[in-house]
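Please take me through this model as I would explore it in a viewer, telling me what to select at each stop and what can be found there.

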Amino acid sequence: MTVTNWSDGPEKMKKKRGIVISSRVHPGETGASFMMKGALDYLVGPSIGAKILRDNFVIKIVPMVNADGVINGNTRCSLAGVDLNRCWMDP
């Protein structure tokens, strides 16, 4: 999901810096869904602070990184049983 001021021309859009916000890497972190909803409500809301953010940044939002783990009821792992914070490989 992307939040920004879409009425800006292409040249201004190219100059905007990016922000990435993600949530729910671990399915058991249910409080993160409430925080993400609050962040989304704020970013798309009418406040001057939200307008400044939309005017100056392209904000990419991943509201639920580990959706398959959430749907399966896992508390830490993805559907494949992998902890997404620990899935690195030795060089």
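Begin by selecting Val3, Met36, Leu40, Leu43, Ile59 and Ile61, the 6 residues that make up the largest nonpolar core of this predicted model. Colour helix 2 and strand 3 next, since these are the elements that give two or more residues to this core, and note that helix 2 supplies the largest share, 3 residues.

Stay in the core and select Ile61, which, when residues up to four places away in sequence are not counted, touches Met1, Val3, Ile21, Met36, Leu40 and Leu43.

From there, show strand 3 (57-62) together with its two partners. On one side of the comparison is strand 1, which pairs with strand 3 in the antiparallel sense over 2 bridges; to find this pairing, select Val3 and look for its bridge partner in strand 3, Ile59. The other partner is strand 2 (residues 17-22), which runs parallel to strand 3 and is joined to it by 6 bridges, and here you can select Ser22 and find it opposite Val62 in strand 3.

For the last stop, select helix 3 (residues 48-56), where Ala50, Arg54 and Asp55 are buried. If you turn the view to look down the axis of helix 3, its buried residues fall within an arc of 135 degrees, so they line one face of the helix. What do the buried residues of helix 3 pack against? Display strand 1 (2-3), helix 1 (10-15), helix 2 (31-43) and strand 3 (57-62), and you will have the elements against which these buried residues pack.

Note on methods. Residues numbered from 1 in each chain as written. Predicted model: local features only at pLDDT ≥ 70, side-chain atom pairs only at ≥ 80, totals over all residues. Heavy atoms only, no water. Buried < 20%, exposed > 50% of the residue type's maximum accessible area, 1.4 Å probe, protein only. Helix = DSSP H or I, 4+ residues; strand = E, 2+ residues; numbered from the N terminus. Arc of directions from axis to C-beta. Contact = heavy atoms within 4.5 Å. Pairing = 2+ DSSP bridges. Core = buried A, V, L, I, M, F, W, Y, C linked by side-chain atoms within 4.5 Å.
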